[in-house]
Amino acid sequence: MAKKLVCDRCGAELTDKYDIDLALEGKEAWEETVRASGAEPRGILPCEHFVRCNGEMKLVDDSMVVRCRQWLMNLFNQ
Ligand SMILES: [Zn+2]
């Protein structure tokens, strides 16, 4: 499965598997940091442009997006 991280504000993407694994390992530390400031984490780590976009990276399954798109296309083609 092709997974990637996408910023929910500026759309920056992180597709390197090693980077994603590192992000997943640091996930809890980030969530704790956000909760300590009284907010709910949206993603699993801050975007690399966090200072500018204030976004958080969300884990996206690429193949899921593809499957969903195909399903919609089939629906419209009937
Ligand atoms: Zn961003």
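From the N terminus on, the elements of this protein follow one another as β-β-α-α-β-α-β-α, where helices (DSSP runs of H or I with at least four residues) and strands (DSSP runs of E with at least two) are numbered from the N terminus. The model is a predicted one, in which local features need pLDDT of at least 70 and side-chain atom pairs count only at pLDDT 80 or more, while totals for chains, interfaces and linings use all residues. Residues are numbered from 1 along each chain as its sequence is written.

**Exercise 1. Count the helices and strands of the protein, and state how confident the predictor is in them.**

Solution. The protein holds four helices and four strands. Confidence is given by pLDDT, the predictor's own score for each residue, from 0 to 100. The average for the protein is 90, and 95% of the residues score at least 70. Among the elements, H3 has the highest confidence, at a mean of 96, whereas H4 has the lowest, at 78.

**Exercise 2. Work out the order of the strands in the sheet, and then trace how each neighbouring pair is joined.**

Solution. Begin with the pairing rule: two strands pair if DSSP finds at least two bridges between them. With this rule, the four strands form an open sheet in the order S2-S1-S4-S3, and the pairing is antiparallel. Strand S2 (13-14) and strand S3 (45-46) are the edge strands, since each of them pairs on one side only.

Next, take the pairs in turn. Strand S1 (residues 3-7) and strand S4 (residues 56-61) run antiparallel and are joined by five bridges. Their bridge partners can be followed along S1: Lys3 is matched with Asp61, Lys4 with Val60, and Leu5 with Leu59.

On the other side of S1, two bridges pair S1 with S2 in the antiparallel sense, and here Val6 stands opposite Glu13. S1 and S2 form a hairpin with five residues between them, and in its turn Gly11 has a positive phi of about 80°. Finally, S3 and S4 are also antiparallel, over two bridges, and Leu45 has Met57 as its bridge partner in S4.

**Exercise 3. Find the largest nonpolar core and describe the surroundings of Met57.**

Solution. A residue is buried if 20 or more other C-beta atoms, placed from the backbone, lie within 10 Å of its own, exposed if 12 or fewer do, and partly exposed in between. A nonpolar core is a set of buried Ala, Val, Leu, Ile, Met, Phe, Trp, Tyr and Cys residues joined through C-beta atoms within 7 Å. The largest such core has six residues, namely Leu5, Val6, Cys7, Leu45, Cys47 and Met57. S1 gives the most to this core, with three residues.

For Met57, apply the contact rule, by which two residues are in contact if their C-beta atoms lie within 7 Å. Leaving aside neighbours within four places in sequence, Met57 is in contact with Leu5, Val6, Cys7, Leu14, Ala23, Gly43, Ile44, Leu45 and Cys47.

**Exercise 4. Decide whether helix H2, Leu75 and Asn54 are buried, exposed or partly exposed.**

Solution. In helix H2 (residues 27-36), none of the 10 residues is buried, so this helix lies largely in the open. Leu75 belongs to helix H4 (residues 62-77), and Leu75 is exposed because 8 other C-beta atoms lie within 10 Å. Asn54 lies in the loop between helix H3 (50-53) and S4, and counts as partly exposed because it has 13 C-beta neighbours inside 10 Å.

The backbone of Asn54 also deserves attention, for this residue has a positive phi of about 60° although it is not a glycine. Most residues other than glycine have a negative phi.

**Exercise 5. Describe the overall dimensions of the protein.**

Solution. Along its principal axes the C-alpha trace spans about 50 × 25 × 20 Å. The radius of gyration, taken over C-alpha atoms, can be set beside a globule rule of 2.2 Å times the number of residues to the power 0.38. The protein has 15 Å, whereas a compact globule of 78 residues would be near 12 Å. As a further step, take two residues 44 apart along the chain: the C-alpha atoms of Leu75 and Glu31 are separated by 39 Å. Of the 78 residues, 12% are buried.
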